[in-house]
Amino acid sequence: MAYLNTRRKGDFAAQKDEVENYCKYRFQIAAIFHDHRAGATHPERREGFLAMLEYCAANDCPEIIIYDLADLAKDMDAGLAALKTLNEDYTVYCVNNDFFGSRDDPALRREAIGNFIRYMGRYREGTGKAAAPAPRKAKKEGGQAIGRPRALSEGQIEALITVRRAGTSIGKICRMFDVSRSTVSKILADRPELKGEWKGARQEPPEEV
């Protein structure tokens, strides 16, 4: 069983091909369900997502394939809630940026996903209990605050680094945490191994002799 949530015209065909290649020799795809431009809608209120759940329940499907966790929902909390719902009854696999491991052991994989969801829950709790930031400096005239408030809390920064280290692109991280690319670049400034392309530096061709 596969579920796709696309944002641009043409994404469905491209993602469908990648899903089929990912499943080749490992899974048999019973059906592919699809929602288009539904990122702002909670997954459990989408027509395609609900149809997939009904089909899985009626046909005893053990696995669900999604294209990318970061594309499951625009809001990170909504995406994590949907992942938690799926993980309770199914083994979830991601075609792109799959950092959960244990692909050959469904029980361990579901445990790893559950641990990740609990970890993210703990950082959200920490964010809610975080102390208010120190007052910003005021202008000499009028006493108005200057500068911008901090975009992310310490817990959110830790979570951002975790998903980046797992291979998630900077563009998708911006959507997950609702921040700009410059904010992500500043956070990764002291971690040069995470700033560039995840697949490593481009190999230079050998010199001709």
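Let me start with helix 3 and its buried residues, which are M76, A78, G79, L80, A82, L83, L86 and N87. Bear in mind that this is a predicted model. The helix covers residues 76–89, which makes 14 residues. From the first C-alpha to the last, helix 3 reaches 21 Å, and at 1.5 Å a residue one would expect 20 Å, so the two are close. At the start of the helix there is a contact to look at: a side-chain oxygen of D75 comes to within 3.2 Å of the backbone nitrogen of D77.

Moving on along the chain, the loop between helix 3 and strand 4 holds Y90. Is Y90 buried or exposed? Y90 has a relative accessible area of 9%, and the cut-off for buried is under 20%, so Y90 counts as buried. What is Y90 in contact with, once neighbours within four places in sequence are left aside? The list is L53, C56, A57, C61, P62, I64 and R110. There is also a C-alpha distance for this residue: Y90 and A107 are 17 residues apart along the chain, and their C-alpha atoms are separated by 9.9 Å.

Now the charged pairs. A search of the whole structure gives 5 salt bridges, and I will go through some of them.

Take K172 and D68, whose side chains meet in a salt bridge at 2.5 Å, N to O. This pair links distant parts of the chain, with K172 in helix 6, residues 170–177, and D68 in strand 3, residues 63–68. The two are 104 residues apart. Both K172 and D68 are buried.

Next is a group of residues: D98, R103 and R109 are linked in a network of salt bridges. The side chains of D98 and R109 meet at 2.6 Å, N to O. D98 sits in the loop between strand 4, residues 91–96, and helix 4, residues 106–129, while R109 is in helix 4, so the pair ties together parts that are 11 residues apart in sequence. The side chains of R103 and D98 also meet in a salt bridge, here at 4.0 Å, N to O.

How do the members of this network come out on accessibility? R109 has a relative accessible area of 0% and is therefore buried. D98 is at 15% relative accessibility, so D98 counts as buried too. R103 is at 36%, and because partly exposed runs between 20% and 50%, R103 falls in that class.

To finish, the chain as a whole. The secondary structure comes to 8 helices and 4 strands. Read from the N terminus on, the elements run β-α-β-α-β-α-β-α-α-α-α-α. The chain has 209 residues, of which 40% count as buried. On contacts, if we take those between residues at least 6 apart in sequence, 64% of them join residues at least 24 apart. On surface, the chain exposes about 13300 Å², and carbon and sulfur atoms supply 49% of that.

For anyone with the structure open, here are two places to go back to. One is the K172 and D68 salt bridge, between helix 6 and strand 3. The other is the network of D98, R103 and R109.

How values were computed. Residues numbered from 1 in each chain as written. Predicted model: local features only at pLDDT ≥ 70, side-chain atom pairs only at ≥ 80, totals over all residues. Heavy atoms only, no water. Buried < 20%, exposed > 50% of the residue type's maximum accessible area, 1.4 Å probe, protein only. Polar contact = N/O pair within 3.5 Å; in protein donor to acceptor, adjacent residues only side chain to side chain. Contact = heavy atoms within 4.5 Å. Areas by Shrake-Rupley, 256 points an atom, 1.4 Å probe, with all protein chains shown as cover.
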